[in-house]
Amino acid sequence: MSIPRGAFGTQLVRTPATIRNAELIYDRLTQLGLKYPLHPFEALMRSDKPTGLVPPLRPLQPLPFYVERTNMDNLPVYLQRVRKSSVGTRVKRLHGDIVEFSMELRKVTEKEPYIRSTSVMVSGVLVDNITIWLFALGF
């Protein structure tokens with residue numbers, strides 16, 4: 001499935017095209033058989049703020065890991081150059097059981113994550129997929 005690069009960033013932008021792409025990603029996530037439950041898609045699209053900022057929904061059940069938001073209330077999911085010609089996606093500000101987080105991330109991205117001290121790196125441009133998954137978990 002081809003998703004426009006950077007369509008969501010770390011906030012959900014609500015245009016018809018990006019909402020449809022977010023819905024496609026969410027539908028794929030629900031079919032993966034993930035260990036932790038996801039919030040309904042409608043809850044992800046609900047925002048009371050004029051900026052469209054989606055506040056954290058809180059996880060549906062206690063999770064062994066936690067993703068802390070940045071000072072600007074964004075999710076810490078970044079695109080990062082790994083080598084001269086390859087790009088990776090990094091999730092920073094992880095707390096708790098990072099190994100459990102990386103096992104779930106492996107199901108979401110279908111790629112092997114590389115664990116750092118408080119971050120996890122996955123090769124490829126997967127910012128949108130990871131961001132939608134983290135929003136759906138309640139972060």
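## Exercises on a predicted model

The chain exposes about 7500 Å², of which carbon and sulfur atoms supply 53%. The model is a predicted one, and each exercise below is followed by its worked solution.

**Exercise 1. Describe the overall make-up of the chain, from its secondary structure to its burial and its contacts.**

Begin with the elements: the secondary structure comes to four helices and six strands, and along the sequence these follow the pattern α-α-β-β-β-β-α-β-β-α. Turn next to burial, where 45% of the 139 residues count as buried. Finally, consider the contacts between residues at least 6 apart in sequence: 65% of them join residues at least 24 apart.

**Exercise 2. Work out the surroundings of H39, and decide whether H39 is buried or exposed.**

First locate the residue, which is found in the loop between α1 (16–30) and α2 (41–44). Then compare its relative accessibility with the cut-off: buried means under 20%, and H39, at 9%, therefore counts as buried. Next follow the side chain of H39, which reaches the backbone oxygen of R58 at 2.7 Å. Lastly, list the contacts beyond its neighbours within four places in sequence; among them are Y26, L57, R58, P59 and L60, together with F135, A136, L137 and G138.

**Exercise 3. Place D128 in the fold, and find how far its C-alpha atom lies from that of N21.**

D128 lies in helix α4, which spans residues 127–137. Its relative accessibility is 6%, so D128 counts as buried. Although D128 and N21 are 107 residues apart along the chain, their C-alpha atoms are separated by 9.2 Å.

**Exercise 4. Determine the strand order of the open four-stranded sheet, and explain why β2 and β5 stand at its edges.**

The order is β2-β3-β6-β5, with antiparallel pairing. Reading that order from its ends, β2 (77–81) and β5 (114–115) each have a single partner strand, and so one side of each is left without a neighbour in the sheet. For β5, the pairing is with strand β6 (residues 120–123), to which two bridges join it in antiparallel fashion. Within this pair, Y114 stands opposite M121 in β6.

**Exercise 5. Identify which residues form a nonpolar patch with V99 on the surface.**

Start from V99 itself, whose place is in helix α3 (residues 98–109). With a relative accessible area of 47%, V99 is partly exposed, because that class falls between the cut-offs of 20% and 50%. The patch is completed by M103 and I115, and the three residues together have about 250 Å² of accessible area.

Terms used:
Residues numbered from 1 in each chain as written. Predicted model: local features only at pLDDT ≥ 70, side-chain atom pairs only at ≥ 80, totals over all residues. Heavy atoms only, no water. Buried < 20%, exposed > 50% of the residue type's maximum accessible area, 1.4 Å probe, protein only. Polar contact = N/O pair within 3.5 Å; in protein donor to acceptor, adjacent residues only side chain to side chain. Contact = heavy atoms within 4.5 Å. Patch = residues over 30% accessible without salt bridge, like charges linked within 9 Å, V, L, I, M, F, W, Y side chains within 5 Å. Areas by Shrake-Rupley, 256 points an atom, 1.4 Å probe, with all protein chains shown as cover. Salt bridge = Lys/Arg side-chain N within 4 Å of Asp/Glu carboxyl O. Pairing = 2+ DSSP bridges.
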